[in-house]
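I opened the file to look up how one chain is built. I started with a pair of strands and worked outwards.

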Amino acid sequence: MYGLKEDLTAELPSKYFSLEGYEKGVARWCPGCGDHAVLTNMQKLLREKQLDPAKTVFVSGIGCSSRFPHYMNTYGFHGLHGRAFPIAEGIKFRRPDLHVFVVTGDGDCISIGAGAWIHAIRYNMNMTVLLLNNEIYGLTKKQVSPTSRIGTISNTTPDGSILPPINPVQTTMGVANVSFVAQTADWNPAHMYETIKAAYEHQGFSFVHVIQRCPVFQGGLVDELTSNKEAMVYLEHENGITVSEEIARTFKQKLTHDPANLSAARDLAMDDTKVYMGLFYQNKDAPRYDDYGASNLGFTVEQKEAALNHELDKFAI
Amino acid sequence: MAYTTETKTMPATSSSKATKINEHIVEIVSDSGEGAQKCGQSFAAISAKMGNGVWTVEIIPAEIQPPARSREGASGIRIRLGSEKVTNMGNEADLVIALNEQVPYGRIHQNAYREGTTMLLENKWATDASEAVQEKYHAAVADFKAKGYKVIEIPMEQECLKIVKNARKGKNMWVLGMLSYIYNRSIDKGETQIKTIFRKKAEAVISANLELFHSGYTWAEANLDFQYEIAPMDTREELVVMSGNEAIALGILASGMEVCSMYPITPATSVSHLLAEVIKNSGGLIHQAEDEIAAVGFAIGASYAGKTAVTITSGPGMALKTEFLGLASMAEIPLVVVDVQRGGPSTGLPTKVEQGDLLSTLYGQPGDVPKIVMAAATIEECFHFVILARKLAESFRTPVYILTDANLATGQQPFPRPQIKKDWFAPPIDQSPWKADVKPYDWDNQTGLSKRPIPGQPGGQHTITGLAHTSKAHVSYNPNENQEAANLRSRKFAAFQKTLNPPHINGDNKGDLLIVGWGSTLGAIEEAVEMARSQGLNVSSLHLRFVSPLEPGLKGIFSNFNEIMTVEINYSDRPDSPQFTKENRRYAQLATVLRAHTLVDVDCYSNVEGQPLTPNRVLGVIKNKLGIE
């Protein structure tokens with residue numbers, strides 16, 4: 001019987017982590033910012049999974065969303081603009097015991113960090129990645145982002161931006177060795193929770209695109225999406241991300257999509273008339289670079305000494 | 001017959017016809033891809049194994065495949081060997097083997113040869129199908145003779161074709177055989193060397209190369225009327241011989257570091273070639289990142305997670321890594337950075353030597369970023385400094401930089417076999433519970449030092465940041481906190497400097513002139529100072545290993561000399577040329593640092609010719625400074 005040992009005593013976890021155990025400080029994001037909802041959901045996920053805060057590391061770059069690690073009572077690394085991925089990869093490389101999360105924004109990931117992002121997808125190391133995309137630079141006060149729509153008026157594009165946005169979901173699925181791509185939105189916390197849970201459970205690089213409000217600099221953006229119920233499409237599949245019936249009922253549009261089908265997933269990502277919510281693509285068999293990283297751990301000093309002596313012999317006169 | 005030097009061999013001593021000499025400088029020059037370096041490295045290894053002192057310098061063109069028979073395409077190697085320890089590449093070559101008549105000009109432009117240099121020249125060009133080539137060949141031979149070289153034309157191609165179909169592959173081993181005769185090397189050791197370097201090749205390849213080696217040896221024995229004997233060094237020490245980059249790779253093994261995160265860049269890359277083969281046997285891994293920035297970020301991530309890592313690069317890579325290096329200092333994350341310097345700025349001289357990264361390493365980041373910077377002066381130091389760097393990085397919670405250069409990277413030198421100590425290797429990472437009352441930056445007010453919690457340690461949770469932060473690792477919003485944290489980050493290095501000894505002075509501790517150097521110029525400077533002192537000049541030298549913090553006592557040492565001058569391989573304005581004056585002159589990099597730190601009027605000599613300094617060049621500088629000749 002689960003939880004009971006032969007002498008019928010219960011196998012209790014040595015320590016139970018409450019929600020408060022994951023909380024730290026008061027988040028300094030603007031009222032109404034989508035980041036708050038992500039933070040709350042993440043703390044809930046860690047409690048449900050009972051992740052040891054000492055074995056959990058949140059890594060971020062620079063930007064509003066990258067303040068995230070400061071509000072988690074885990075280990076955290078608030079890094080450089082665009083460089084969360086290499087740091088997270090280095091952390092995970094020789095520490096398979098650590099749970100690694102990356103929180104990044106549209107400027108951090110898609111603009112200055114684009115090179116590291118593309119390669120992080122290919123490395124496919126086991127980490128959960130949340131891209132909090134509000135389509136604008138917030139921390140530096142309203143500059144256009146590579147995900148801003150054509151015509152975005154910002155402090156650096158006073159006459160409206162002229163280039164089409166980069167679609168993070170589409171781009172991610174264009175990279176070799178992609179293994180998990182999902183999309184959710186900050187105004188549907190229940191869907192977001194199930195999405196980040198599925199992402200955490202995936203063994204590999206789980207990329208979650210969170211469509212998000214910036215009430216201060218992109219106020220109208222989400223109103224348009226939330227008011228047009230027809231535009232939001234719930235992706236259904238037995239291997240996809242499933243929400244409760246109550247939440248599923250809030251979607252006017254539903255579509256059955258097999259997350260094993262990469263070309264269908266790419267077609268959905270290309271469709272800019274709709275926003276698809278759920279799991280676009282998953283491949284549980286993609287090679288993982290962290291498997292290589294964990295491949296020869298635990299050598300003793302004696303083994304290292306023998307290896308060095310062996311090499312010195314080759315150079316001996 | 002042509003196969004003779006003009007000066008006849010000295011009458012041989014009774015037991016041998018070989019001329020006894022103390023040292024010789026040999027060069028092999030060829031087109032790229034003819035294996036001159038493999039031949040020279042093998043010759044050096046055989047010589048070292050026979051007990052000679054050895055120093056090698058590779059001659060590398062910038063392109064992978066420069067045009068054949070071109071002066072700028074000269075590729076090859078110099079080997080200086082002697083019956084005492086050899087510390088630098090020396091002056092002009094005594095014997096040159098050239099596989100065509102154009103490539104020596106690349107070296108003649110660098111004053112590498114002298115009147116009396118023996119040149120063993122491939123003669124196949126004399127009968128080349130192209131008349132233009134024949135003409136060039138004859139013109140060059142006449143020119144070489146006019147320059148006073150002893151030219152011996154040798155049918156290398158013809159002899160090799162008796163054994164292999166394509167003499168281009170294999171001529172180098174024929175040359176190795178010829179050299180082995182000339183310097184009376186052991187045939188057994190030559191055979192062993194060939195079996196080692198071709199160990200991954202088919203049996204047929206090994207036997208063909210052995211045959212070529214024997215053919216070269218036999219041909220030389222039958223046709224050359226000179227032979228040299230260089231006695232072994234008088235040492236009973238167990239020695240190893242390797243290049244600086246190989247020494248760094250093995251130093252990484254010895255330090256116990258398990259992660260080397262790098263991106264390919266000349267001349268640093270070959271460290272990772274050896275390391276990739278051997279680190280897996282020692283419980284470590286190499287990560288080739290997508291770029292220089294990611295390489296250092298990855299290393300910082302691994303270090304932060306308790307596995308102190310090393311990143312290896314050269315100047316352009318250092319420039320790209322700058323922001324991350326500032327973060328590592330700000331967040332106090334241990335890290336080892338090896339910069340194998342090359343000619344700069346920008347892409348510069350990728351395969352050539354320069355000591356041009358000192359100032360950018362010291363001051364490259366925005367804000368105040370104090371750090372430890374060491375400069376290896378010998379190949380042995382390349383090995384030992386990595387071990388020291390890992391320990392210092394962890395003890396002082398800081399990036400530690402090791403500067404080497406293209407000269408050390410590819411040069412080979414024997415040194416005493418390291419006697420391994422168990423405490424060289426990094427201990428397992430601490431995962432014990434973190435004491436609740438100890439902050440993540442629990443700075444000691446006297447030393448600035450603090451212990452760091454490593455992910456996995458229960459109760460040590462904190463978020464590190466490149467933002468100004470408090471001792472609790474919280475973002476700082478108070479101006480005094482930033483001032484105090486900066487004070488403490490600097491204080492660590494003042495505390496470290498207290499543990500350093502004053503530098504050793506080579507020569508008397510007072511005199512007319514003190515030459516100050518750093519890095520790979522050690523051997524050339526000390527040889528020049530020795531020559532100067534034997535000529536009665538009152539000169540000493542001092543060589544810095546720690547350039548940040550500086551070794552203590554410099555101002556006091558300087559006060560005992562009339563003149564202080566650095567000798568470096570980097571740029572400085574020459575005060576006697578247009579526009580430059582003593583007031584507006586920009587000094588060489590170490591001179592700039594020493595002037596700022598000591599307020600002593602330190603002069604400098606430096607150049608950016610991309611060549612290692614020769615002892616004669618330094619001697620000329622010394623004499624010029626003292627107003628002699």
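**Entry 1: a strand pair.** I began with strand 10 (residues 259-262) of chain B. It pairs with strand 11 of chain B in the parallel sense, over four bridges. I keep in mind that this is a predicted model. Which residue is the bridge partner of S261(B) in strand 11 of chain B? I found H287(B) there.

**Entry 2: the sheet around it.** Next I traced the sheet that holds this pair. Seven strands of chain B form it, in the order 11-10-12-13-15-14-21. The sheet is open and its pairing is mixed. Which strands stand at the edges? I noted strand 11 (285-288) and strand 21 (546-548) of chain B. Each has a single partner strand, so one side of each lacks a neighbour in the sheet. I also looked up the twist. Neighbouring strands are turned by 25° against each other on average, direction ignored.

**Entry 3: helices on the sheet.** I then looked for helices that pack on this sheet. Helix 11 (residues 315-331) of chain B does so. It touches strand 12 (309-313), strand 13 (335-341) and strand 15 (399-405) of chain B. Its direction makes about 160° with that of strand 13 of chain B. Helix 13 (residues 379-395) of chain B packs on the sheet too. I listed its contacts as strand 13, strand 14 (372-375), strand 15 and strand 21 of chain B. The direction of helix 13 makes about 165° with that of strand 15 of chain B.

**Entry 4: the whole chain.** I stepped back to chain B as a whole. Its secondary structure comes to 19 helices and 23 strands. The radius of gyration of chain B is 27 Å, and the globule rule gives 25 Å for 629 residues. The two values are close, so I put chain B down as being as compact as a globular protein of that length. Its C-alpha atoms fill a box of roughly 90 × 60 × 50 Å along the principal axes.

I checked burial next. Of the 629 residues of chain B, 61% count as buried. Chain B exposes about 24300 Å², and carbon and sulfur atoms supply 51% of that area. For contacts between residues at least 6 apart in sequence, I noted that 77% join residues at least 24 apart.

**Entry 5: domains.** Last, I looked up how chain B is divided. I wrote down domain 1 (19-230), domain 2 (240-424), domain 3 (430-499) and domain 4 (505-625). The centres of domain 1 and domain 2 of chain B are 33 Å apart, taken over C-alpha atoms. Their contact takes 16 residues from domain 1 of chain B and 11 residues from domain 2 of chain B.

Key: Residues numbered from 1 in each chain as written. Chains lettered and ligands numbered in written order. Predicted model: local features only at pLDDT ≥ 70, side-chain atom pairs only at ≥ 80, totals over all residues. Heavy atoms only, no water. Pairing = 2+ DSSP bridges. Helix = DSSP H or I, 4+ residues; strand = E, 2+ residues; numbered from the N terminus. Axes fitted to C-alpha atoms, helices over the stretch in contact; angles between N-to-C directions. Contact = heavy atoms within 4.5 Å. Rg over C-alpha atoms; globule rule 2.2 N^0.38 Å. Buried < 20%, exposed > 50% of the residue type's maximum accessible area, 1.4 Å probe, protein only. Areas by Shrake-Rupley, 256 points an atom, 1.4 Å probe, with all protein chains shown as cover. Domains from an automatic or database assignment.
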